[in-house]
Amino acid sequence: MSSDQNSSAADWVVDGVEGLALWARADRVLPGGGIYLSRSARFAGEGVLPGFVRDAMGCRVVDADGRKYIDFICANGPNLLGYGHPAVQEAFLEQARRPASMNFFSPSMIELAEQLVERHPGQDWAVLAKTGSEVVTLACRVARKATGRSLIVAFNQAYHGSDAELSPWPPPGVPSSRLDDIVRLPWNDAPALEEFCRDHSGKIAGVLFNALDQNSFQPTRFAEPGFVRAIAEAGRKTGAALILDDVRQGFRMNPRGSHHALGIDPDLLCLGKGLGNGYSVSALLGRDALREGARGIMFTSSLHFEQPPMQAAMATLQAYDREDAFGAMTRAGSRLRAGIEAAAVETGHAIDFSGPPAMPTLLFEDDPDHSRGMWFSREAARRGVLIHPGLNGFLCAAHDDESIDEALFAVEEALAATPLPAG
Ligand SMILES: Cc1ncc(COP(=O)(O)O)c(C=O)c1O
């Protein structure tokens, strides 16, 4: 890493020689652009974050050039307990000694479904899959089949996975006719939701919501109590299924699901990301009333039945409870926030820090093109700390006092190296 901290951040890229060589190779064989969305480091701005990670342990990652970082991106959520958590690795590897995919159902599948149902009172069945996108899409299908209606109400620009129908932006390559049955209403606008429900009562199959409004380059917004009441009422009054997409916020707002933080009972609950601590497993949970809706939907894939990720998920749930992972993330996130806010005052920066402790969003005031945020993220990265300039971050249970102290030291230096707004 260059030690010249006086050079302009704008002409300095975080990637080292190996990282740059990998970008050159990537640009030859990958289609690039927005196709991987935030999973490409370029989503954070060119050269702001290291593009290639070769190893990780606990709350730290190692880039292609062997440089270590304290990581507040956590693979965009899957790193819940810490990279390489020993109990999860052991459970995965023990199962991986046997063939991963065999005929029909496995005991692992039933055990995990049982554990998920038991863990979430009110949810009576579970369907396992690999990704959050799959289970959110499935939830919409179950709601539609159960109600015999087609409209799904979602909010603001919320990301609900890669299904084109659920895209918050006009999705290229998709006929517009496929997008007619999704309606986006404003977040925290109870009257708008009530009015829509009054006007379309017999047509709404599902209300698809998150516990937070978290969109790129925007502050995180909590749900106001009146809005939560309006969502619950929408279900009661219209008969629509309430679908909580807890793929991102799950395990980080409340140990038993974000609906406990909101005070709402979903009919369908989507889990993913942290469920397997990085291994590919997701789940749709549902109430008995929707079991019939789920039957008869053809939802299958040859590799859904792989057992090692299911074993990883069970080990993750156990370790999460045993080690009070939620408490650890909340404590570390609260210290991080207090430290960054103090450092911002110290260095004269006006920042906007939002979100719950385990999922912080750090933006800069008076930064319409996000250039200051990117400058800061690059300065933090060159000092060994990864903070995304435009997406909410994630804490994991391996963020201990030592890593937070180390991160705060680097963050204060990075803030001092970030220009203040003119005037
Ligand atoms: C709220 C939400 N729903 C669904 C998804 C899709 O999950 P996956 O990336 O596992 O397909 C994401 C992914 O970021 C998400 O944040």
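With 423 residues, the protein chain would have a radius of gyration near 22 Å if it were a compact globule, and its value of 22 Å agrees with that. Please keep in mind as you explore that this is a predicted model. The chain holds 12 helices and 15 strands, and a ligand is present with 15 residues around it. The points below take you from the whole chain to the ligand, then to one sheet and one residue.

**The chain as a whole**

- If you follow the C-alpha trace along its principal axes, the protein chain spans about 65 × 55 × 45 Å.
- Of the 423 residues in the chain, 46% count as buried.
- Looking at contacts with a separation of 6 or more, 76% of them join residues that are 24 or more positions apart.

**Around the ligand**

- The closest of the 15 surrounding residues are Thr131, Gly132, Ser133, Gly161 and Arg248.
- Helix H4, which covers residues 132-147, gives the most to this shell, with 3 residues.
- Sorted by class, the shell has 9 polar, 3 nonpolar and 3 charged residues.

**A sheet of four strands**

- One open sheet is formed by 4 strands in the order E1-E2-E3-E15, and its pairing is mixed.
- At the edges are strand E1 (53-57) and strand E15 (385-386), each of which pairs on one side only.
- As background, the strands of a sheet pair through backbone hydrogen bonds, in either a parallel or an antiparallel way.
- E1 and strand E2 (residues 60-63) take the antiparallel sense, with 4 bridges between them.
- To see this pairing at the level of residues, find aspartate 55, which stands opposite valine 62 in E2.

**A closer look at isoleucine 351**

- Isoleucine 351 has its place in strand E13, which runs over residues 351-354.
- This residue counts as buried because isoleucine 351 has 20 C-beta neighbours inside 10 Å, and the cut-off for a buried residue is 20 or more.
- Setting aside neighbours within four places in sequence, isoleucine 351 is in contact with Ala344, Leu362, Leu363, Phe364 and Glu365.
- Glutamate 341 is 10 residues away from isoleucine 351 in sequence, and the two are 7.6 Å apart in space, C-alpha to C-alpha.

Definitions and conventions: Residues numbered from 1 in each chain as written. Predicted model: local features only at pLDDT ≥ 70, side-chain atom pairs only at ≥ 80, totals over all residues. Helix = DSSP H or I, 4+ residues; strand = E, 2+ residues; numbered from the N terminus. Rg over C-alpha atoms; globule rule 2.2 N^0.38 Å. Buried ≥ 20, exposed ≤ 12 C-beta atoms within 10 Å, placed from the backbone. Contact = placed C-beta atoms within 7 Å. Near = placed C-beta within 6 Å. Nonpolar A, V, L, I, M, F, W, Y, C, P; charged D, E, K, R; others polar. Pairing = 2+ DSSP bridges.
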